[in-house]
Amino acid sequence: MVIALDAAVSGDCFGVLAVTRRDEREGSSIKPIIEVRYARKWKPPKNGKLDYDQEIEPEIIRLISENNVVGVFYDPYQLHQFCTRLSRERRANFREFNQGQDRLIGDKQLYDLLRERRIEYA
C-alpha cells in the first residue's frame, strides 16, 4: 500500500489517500491496476484549525499498522514536522513529494490511469 497525505496551511482540508496495485494479464502483456483502498478528508472547524496530532495521526498510524505500507508520501511544505516525527518513530518509510516537478509527473500519471481506466475505486 502507498499512502499520500496532503494538507493546507489554512482554509483547506487534510486528505489521506491509500492505494494498492495489482497486475492484470491482457493478452501477452500485463496491465497494472491501481485500487483505491482508503480516502478521507478532515475539514477544520469554522474559524479553527485541525489538531493533526489528536485528530489525524491516530488514523494514519492505524492504516500503517494494519497494512503492508511501502511508503507514505507528503508535501514537505505543509507536513514536514508532522511526517519527520512519524518517520523518526519508524512508523513507515516517509518520503517527500514536492509540488514542483514531482507533482507534474504525478498529475500526468493520474490522468493516464483515468483515461486508460486503470484506476478502481468504490
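The exercises below, each with a worked solution, concern a predicted model of a protein chain.

**Exercise 1. Confidence**

Find the mean pLDDT of the chain, and state in which elements confidence is lowest and highest.

Solution. Begin with the whole chain: the mean pLDDT is 89, and 98% of the residues reach 70 or more. Then go through the elements. Confidence is lowest in helix 3, with a mean of 88, and highest in strand 4 (residues 71-74), at 95. Where pLDDT is low, predicted coordinates should not be read in detail.

**Exercise 2. Strand pairing**

Determine which way strand 3 (residues 29-42) runs relative to strand 2 and to strand 6 (residues 119-120), and how many bridges join each pair.

Solution. Step one takes strand 2 and strand 3, which are antiparallel and joined by 13 bridges. Within this pairing, Phe14 of strand 2 (residues 14-26) stands opposite Trp42 in strand 3. The two strands form a hairpin with two residues between them, and Gly27 there takes a positive phi near 70 degrees.

Step two takes strand 3 and strand 6, which run parallel and are joined by two bridges. Here Ile34 stands opposite Ile119 in strand 6.

**Exercise 3. Span and packing of helix 1**

Compare the span of helix 1 with the expected value, then list its buried residues and the elements they pack against.

Solution. Helix 1 has 15 residues. From first to last C-alpha, helix 1 reaches 20 Å, close to the 21 Å expected at 1.5 Å a residue.

Next, collect the residues under 20% relative accessible area. In helix 1 these are Tyr52, Ile56, Glu57, Glu59, Ile60, Leu63 and Ile64. An α-helix has 3.6 residues a turn, so residues three or four places apart point the same way.

Last, look for the partners. The buried residues of helix 1 pack against strand 1 (2-6), strand 2, strand 3, strand 4, helix 2 and strand 5 (94-96).

**Exercise 4. Aromatic pairs**

Classify the ring pairs Phe14 with Tyr52 and Tyr52 with Phe82, and say which parts of the chain each pair links.

Solution. A search of the structure gives five aromatic pairs. A pair of aromatic rings is described by the distance of the centres and the angle of the planes.

For Phe14 and Tyr52, the centres are 4.9 Å apart and the planes stand at 75 degrees, so the pair is edge-to-face. This pair links distant parts of the chain, Phe14 being in strand 2 and Tyr52 in helix 1, 38 residues apart. Both Phe14 and Tyr52 are buried.

For Tyr52 and Phe82, the centres lie 5.7 Å apart with the planes at 75 degrees, so this pair is also edge-to-face. Tyr52 in helix 1 and Phe82 in helix 2 are 30 residues apart, and the pair again links distant parts of the chain. Phe82 is buried, at 7% relative accessibility.

Finally, join the pairs: Phe14, Trp42, Tyr52 and Phe82 are linked by ring pairs into a cluster.

**Exercise 5. Salt bridges**

For the salt bridges Arg85 with Glu57, Asp107 with Arg103 and Arg115 with Asp112, give the N to O distance and place the partners in the chain.

Solution. The whole structure holds 16 salt bridges.

Step one: the side chains of Arg85 and Glu57 form a salt bridge at 2.6 Å, N to O. Arg85 lies in helix 2 (residues 76-88) and Glu57 in helix 1 (residues 52-66), so the pair ties together parts 28 residues apart in sequence. Arg85 is partly exposed at 29% relative accessibility, whereas Glu57 is buried at 10%.

Step two: Asp107 and Arg103 meet in a salt bridge at 3.1 Å, N to O. Both lie in helix 3 (residues 101-115), four residues apart, which is about one turn of the helix. Asp107 is partly exposed, at 38% relative accessible area, and Arg103 is partly exposed too, at 34%.

Step three: Arg115 and Asp112 form a salt bridge in which the closest N and O atoms are 3.0 Å apart. These two are three residues apart in helix 3, about one helical turn. Arg115 is partly exposed at 48%, but Asp112 is buried at 15%.

**Exercise 6. A salt-bridge network**

Identify which residues are linked with Arg22 in a network of salt bridges.

Solution. The network links Arg22 with Glu24, Glu35, Arg37 and Glu120.

Conventions
Residues numbered from 1 in each chain as written. Predicted model: local features only at pLDDT ≥ 70, side-chain atom pairs only at ≥ 80, totals over all residues. Heavy atoms only, no water. Salt bridge = Lys/Arg side-chain N within 4 Å of Asp/Glu carboxyl O. Buried < 20%, exposed > 50% of the residue type's maximum accessible area, 1.4 Å probe, protein only. Phe/Tyr/Trp six-rings, centres within 6.5 Å; stacked < 30°, edge-to-face > 60°. pLDDT = per-residue confidence, 0-100. Pairing = 2+ DSSP bridges. Expected span 1.5 Å × (residues − 1). Contact = heavy atoms within 4.5 Å.
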